[in-house]
Each structure stands twice: as structure tokens, then as C-alpha cells.
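Q: Please take me through the charged side-chain pairs in this model, and then through the packing of one helix and the nonpolar residues. I'd like to know where each partner sits and how buried it is.

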Amino acid sequence: MHLNDTTLAGALSGLRIIDSTTMVAMPTALHIMADMGAEVIKVESHTLFRTEEARVLYADNDPGDQPWNREGSFNALQRSKLGVTLNLKTPEGVQAFKDLAQISDVVVENNRAGTMQRLGLGYEELVKVKPDLIYMSNTGFGYTGPWRRYAGIGRMFELTCGLSQFTGYPDEGPRRVGKAFFDLHVGWMATFAILAALHYREQTGKGQWLDFSMYQVGVATMGDAILDYVANGRNGQIMGNRHNWFAPHGVYRCKGDDKWVAIAVENDDQWNTLCHVMNDPDWSREEKFTTGGGRWSHQDEIDRHLNNWTKDHSHLELMTLLQTSGIPASAVMNSREILTDPHMQARKFYEPIEHPPETGIGKKLYFGRPWKMSKTPSFIRRPAPKLGEHNELILGDMLGRTPTEIEKLYEIGVLGTLPESPPSFQPPTHERQIEDGSLVGYDQDYRSIVGLE
């Protein structure tokens, strides 16, 4: 009997998954599945730092008395899950993992190729105790091929897969898109792969091993660029904010500090509408701008004219004006604007979650999912587990260990609720981060701004 905290069962209710992963990609996949009702058990060790802790995004920039339970990335990525600490360097920890796999449907791990096999927890071992197990191994480059031993993290794949061939400005060279851009794509694709394997098991009764490569997910998103080379032999290049054939197509400065709007014109009708919105300035009637090809050939000149127009307008008001006129446009949003966006609020995308009092975190907002299901609701089932929060529940209620046996596991270091080496990092103040340029600003009344009080 699987555990449920709510009578509102999700689409994946009744499914049990072991999450033996770190970083961003796989935790993303599994918190999505947990939000959808799957019982996801986060397996970690109290002998190691929580990997996400390295990002030191402490709640309210304060480590507090329990910094290992206050790290923002961990709490965002591990929400809706149960948590158990198993020291897999001990025989007892390995055995407990095997026992848990025996009553689970899916195991997901993202260690370097061969790590789980050396622990005796590879697919070949676990399938002996659970013949229909779905086992996913997420690595940077997969278990086959000359790069199979290479390490891989999300921040490098936009470079390796070719995305950075197109990002950046021609006079500056490539730029990364952002923080671990492909990790989220990998997580979404992993969810699909796991569900496909479960569907196959439902039809055949057979489990399988999923050899999942982050590199190949990145390359798969570059379809149009790869197709262009296959079909035409053309190798793309950095093009800033421009488009291969649409013009104008760029990001333009607006009124205020670091405010911008993106505008994309796809055809003559949209161009004529844009000119009308700008009150048909004389320059827009010049013959060289009357055709798509002409506009594309004179982008520098058009961009100068557009910047002179947009600089006196609010980026949000300009987005609304252009969109209601039928012109693709979007304000470049900062974090505050995204969190307070009335459309996102109407969609109820952000979900408030109350953390246990002992963590001192209080109520925080977390991002939801970009879909709504009318019959099987998805929502954040519970806050991320405190370190070892569900040890007794999982070892006792699920695996049948007695209180005496569980106490023995604590004594020999298999289980724990406190880290062996608590982190001592003290983050710089917000004022210091503004001074060094890592922050643009800080709102002391942010809780009120996002509706938490």
C-alpha cells in the first residue's frame, strides 16, 4: 500500500520511485512525477553535503540553525518527495537500498558510469530482486561510445551540443544561454522516457534499463540547425537577437533602468501594423523598408529607428500595445515581474508551501507545472524532506525493520538526521552582492510583493 498525504490522487498515484540522484536534471524529472502523485523517495547520505547546498541560496540569505535544511535549490527540486538517509558505503545501507528497490517500480540514478555497479546496485543486481524494475541511468554521454567515461554537467551541454554556435553577438563570440539551461530539458525528457517504459511494462510485464544521455538530449533540441546542414550543407553562425530571414527581429531598450522589449515582424501585414502603431513615421515609408528582403538587408538602420521609438515607452505597456495589435512582442521580464505577472497569477502557477517550523523557512512560493489536468490534479504534495525526515517511516513501515534494528542503523552510521560535517558558509549580505554586481537589487518587502503576507 503506497502512502498518500491527500485524497486528491494524481495521474501517477500508486507509483513508487527511488530517487538516487543529485544536481538539477533528474531531481526535476522526479519532482514533476511526485507532483503528479507518484511516491518518490529521495535517497541521500548524511555523510555528504546535499549537492545543491553548494549553490548556497539560503532562505532569506540566512543559513540559520539548520543550513542543510534551508538551501533554496534543494527545497525547490526535492519538493513532494519523502526522504531517507542511507550510507551506501556500508553493507547495511546497500541492503536497505535493495530491499527498497524490491517494493518499488522505478530506480533513477545519475552517477558516473559504473558507480552503481561498483556498489552492487546496478541494474543487473537489482533486477534479481525486482524482475520488472524500470532502472534509469542518467549520465553525461551514455554508457556506450568513446565519451562514455567523460563527466558531464548541465552548464556544459549548450556548448557541447552546438547551441552556443548561435548564441552571443558576432563581435563578441559565443555566450552561454544561462544557468544549467539543458538540465530542465533533460528532466522533462526523462519523465517521458520513464513513462514510456512503464507503459511497455503495463503491456508486457517486463521492466528494462534506460541508458539516458544528457548530451543527446541537447543535440536533439538543435533539430533545425542540424537539418539545415544535412539538407543544404550550411553551418550556422552567431546572430545575436536576429533571425535568418525575419526583420525587424530584436530586443529594444525601453524607458527605465535595464528595461527591454522583444519585437519580431514576420510579414508585411505585421510591418504595416507596426508602422501604424508608431504613427507612421516618415522613415518607415522609405522604399527600402517596404519588402521583407529590404528590411532584412537594412536591419541596423531599422534597429536604430526602433530604439529611438521604444526608449520612451514602458516595456510592459509596449508589449500589451503590440500584442493587441497582432504583432509578436514580449517584455523582457525580471524575477519580480514574472512572480507578479497577472497572467501567471490567474493561472495559479506559483504554489505557496509552508515548511516545518524548526527549519525557520516559513511559507515560500514554488513554481508549478505548465499544464492543468481536469481529472487528476497535480500540485506540490509536501515540502522537500528535512535530512532523514522519513527514515523511520521508510525503514519501519515500508521495509519492516523493528525500532531496535533502526536504532542500530543509526549507531553504525547507516542512517542520520544531522550531517556529519555541517556547512559553515556565511553568504555575503545583499548589500555586498549589489556592490560586487552579482545582484541588481533587493526588495526587503518581497514577501508582501509576492503575496505571502
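**Salt bridges, from surface to interior**

A: Let's begin with Glu286, which is partly exposed at a relative accessible area of 32% (buried is under 20%, exposed over 50%, partly exposed in between; 1.4 Å probe, protein chains only). This is a predicted model, in which local features need pLDDT of at least 70 and side-chain atom pairs pLDDT 80 or more, while totals for chains, interfaces and linings use all residues. Numbering starts from 1 along each chain as its sequence is written, and side-chain values use heavy atoms, without hydrogens and water.

The partner of Glu286 is Lys288: the two form a salt bridge with their closest N and O atoms 3.5 Å apart (a Lys or Arg side-chain nitrogen within 4 Å of an Asp or Glu carboxyl oxygen). Lys288 also counts as partly exposed, at 28% relative accessibility. Elsewhere, shared partners join the salt bridges of Asp35, Arg79, Glu351 and Arg369 into one network.

It is worth zooming in on two members of that network. The side chains of Asp35 and Arg79 meet in a salt bridge, with 2.6 Å from N to O. This pair links distant parts of the chain, since Asp35 is in helix α1 (residues 25–35) and Arg79 is in the loop between α3 (72–77) and β3 (82–85), 44 residues apart. (Helices, H or I with at least four residues, and strands, E with at least two, are DSSP runs numbered from the N terminus.) Both partners are out of the solvent's way by the accessibility cut-off: Asp35 is buried at 0% relative accessible area, and Arg79 is buried at 1%.

A third pair to find on your screen is Asp99 with Arg401, whose closest N and O atoms are 3.0 Å apart in a salt bridge. Asp99 lies in helix α4 (residues 91–102) and Arg401 in the loop between α17 (391–398) and α18 (403–411), so this pair ties together parts that are 302 residues apart in sequence. Asp99 is buried too, with a relative accessible area of 18%. The structure as a whole holds 25 salt bridges, and the pairs described here are among them.

Now to the packing. Helix α8 (residues 181–204) contains Thr191, which counts as buried at 9% relative accessibility. Apart from neighbours within four places in sequence, Thr191 is in contact (heavy atoms within 4.5 Å) with Ala29, Ile32 and Met33.

The nonpolar residues complete the tour. The largest nonpolar core (buried Ala, Val, Leu, Ile, Met, Phe, Trp, Tyr and Cys joined through side-chain atoms within 4.5 Å) has 34 residues, and Ile17, Met136 and Ile194 touch the most other members. At least two residues of this core come from each of α1, β4 (106–109), β5 (134–139), α8, β8 (208–213) and α9 (214–220). Setting aside residues up to four places away in sequence, Ile17 touches Leu30, Met33, Ala38, Glu39, Val40, Ile41, Val106 and Val108. There is also a second, separate core of 27 residues, which includes Leu82, Val107, Leu126 and Leu133.
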